There are 2 protein chains.
Amino acid sequence: MLLLKELPTAKSLEKFAARYPGTNVRAISDFVSMLRACADISQALDRLLAKHGLLQGRWWMLVLLMRQDDLTSSPTDLAAKAGVTKASITGFIDGLEREGLVIRLPDPTDRRKYLIRLTAAGLQKLDETIPDYNSKVDALMSSLGEPERDEMLRSLKTLVENLELMR
Amino acid sequence: MLLLKELPTAKSLEKFAARYPGTNVRAISDFVSMLRACADISQALDRLLAKHGLLQGRWWMLVLLMRQDDLTSSPTDLAAKAGVTKASITGFIDGLEREGLVIRLPDPTDRRKYLIRLTAAGLQKLDETIPDYNSKVDALMSSLGEPERDEMLRSLKTLVENLELMR
DNA sequence: TGTTTATATTATGGTGCCTAATTAAATAGA
DNA sequence: TCTATTTAATTAGGCACCATAATATAAACA
């Protein structure tokens, strides 16, 4: 999460370039602006979810479970799909279970495993949150025309595909 | 930070739309793709900074200090510029001071205040990190042509200006 | 002078991650 | 069959990043 409310001014960028010759001022400025925008958008999502008593971590767990036909998944599977360790999943599940949104069920075919299933309360939480999420996301994304949106996503995709350049 | 390595499939979006009629599938899909890209880019920055023993929090603090003519700022000022509380700044300063990258100096004009100043070691840390940061950010951003970059930033700016639609 | 305001810190806690060690169960191989 | 390995999940412990509330101190104001 970017920690700079104040984007660099032309003056501070000049100073930067003076100390570090060869700086591509435009690249730096654009990069920071991009991060700033991303952080603002993510924060707006946080606020939306907070209205429904959720946080991004819990929210994405619920979304992953909802994607499953039987509303059920395993910690290992969730870890893979979320890109975090299984130990981290344990924590998320603990929180969601405490709130009654999911339950741990023993896997009948393998006693090492658990099945994490969305409860009725969990589904209700989604039913309460998702219409709001849908309409707000729609409203936001509609502030861009279709061609601009496509172009933006294509550009972001290009950047992501070139992230090895940051290595 | 987005927790979905796996973006929604066409099938899961269909299912979503079936349960929540009126869903703008494109809006949701685009929104999640955008967050995914943002998270990936931010993570790439984390990795770059980690090579130099830094993390985003500490890094942006150092950058804010470097912007000042005398390499000096106050906790209140840093808090405002970073968009976090003063209590949070105390923690960042503690860490940076422990590593010798900044020092707390009493403000001669107001005994409630401290001046946070970048030390020689702090400046050296920046001198070691920034050339790498510059070249990597330049390389990444150069994967987009200038018009695409401008368009992308304009689109992101439009979204940020319309974030009140998420309220 | 006495009250209000401003500065910074401490105390405390929540969220989101991690690694390493552990427990338990399944599986593969001699 | 029995042992060794692998797999699943958790626990323990810790770090980073943030917040709120309470506190101590000092400045400003009326």
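Which of the 23 residues around DNA strand C come nearest? The points below take this up, followed by strand D and the enclosed spaces.

1. Basis. This is a predicted model, in which local features need pLDDT of at least 70 and side-chain atom pairs count only at pLDDT 80 or more, while totals for chains, interfaces and linings use all residues. Residues are numbered from 1 along each chain as its sequence is written, chains are lettered from A and ligands numbered from 1 in the order in which they are written, and side-chain values use heavy atoms, with hydrogens and water left out.

2. Strand C, surroundings. The residues that come nearest to DNA strand C are Ser88(A), Leu3(B), Thr76(B), Thr90(B) and Arg104(B); a residue is near a strand if one of its heavy atoms lies within 4 Å of it. Of the strand C atoms within 4 Å of the protein, 75% belong to sugar or phosphate and the rest to bases. By class, the surface near this strand has 8 nonpolar, 7 polar and 8 charged residues. Here Ala, Val, Leu, Ile, Met, Phe, Trp, Tyr, Cys and Pro count as nonpolar, Asp, Glu, Lys and Arg as charged, and the others, Gly among them, as polar.

3. Strand C, polar contacts. A polar contact is a pair of N or O atoms within 3.5 Å; within protein, one must be able to donate a hydrogen and the other to accept it, and residues adjacent in sequence count only if both atoms are side-chain atoms. A polar backbone atom of Gly57(A) is 3.1 Å from a phosphate oxygen of DNA strand C. For Arg104(B), a side-chain N or O atom is 2.6 Å from a phosphate oxygen of this strand. Arg112(B) addresses a base instead: a polar side-chain atom lies 3.2 Å from a base nitrogen.

4. Strand D. Leu3(A), Thr76(A), Thr90(A), Arg104(A) and Arg112(A) come nearest among the 23 residues around DNA strand D. Sugar or phosphate accounts for 76% of the strand D atoms within 4 Å of the protein. Side-chain N or O atoms reach phosphate oxygens of strand D at 2.8 Å from Thr90(A) and at 2.6 Å from Arg104(A). In Arg112(A), a polar side-chain atom lies 2.6 Å from a base oxygen of strand D.

5. Largest pocket. Its volume is about 270 Å³. On a 1 Å grid over the protein atoms alone, a pocket is an open set of points with protein on both sides within 12 Å along at least five of seven lines, a cavity is a set where a 1.4 Å probe fits but cannot get out, and lining residues have an atom within 4 Å of a point. Grid points are joined across faces, edges and corners, and a volume is the space filled by probe spheres set on the points. The lining of the largest pocket has 10 nonpolar, 4 polar and 1 charged residues.

6. Cavities. There are 2 cavities of 30 Å³ or more. The largest cavity holds about 130 Å³ of space, and among its 13 lining residues Val63(A), Arg67(A), Pro8(B), Phe16(B) and Ile28(B) lie nearest its centre. The second largest cavity holds about 110 Å³. Closest to the centre of the second largest cavity, out of 13 lining residues, are Pro8(A), Phe16(A), Ile28(A), Val63(B) and Arg67(B). The lining of the largest cavity has 11 nonpolar, 1 polar and 1 charged residues, and that of the second largest divides into 11 nonpolar, 1 polar and 1 charged.
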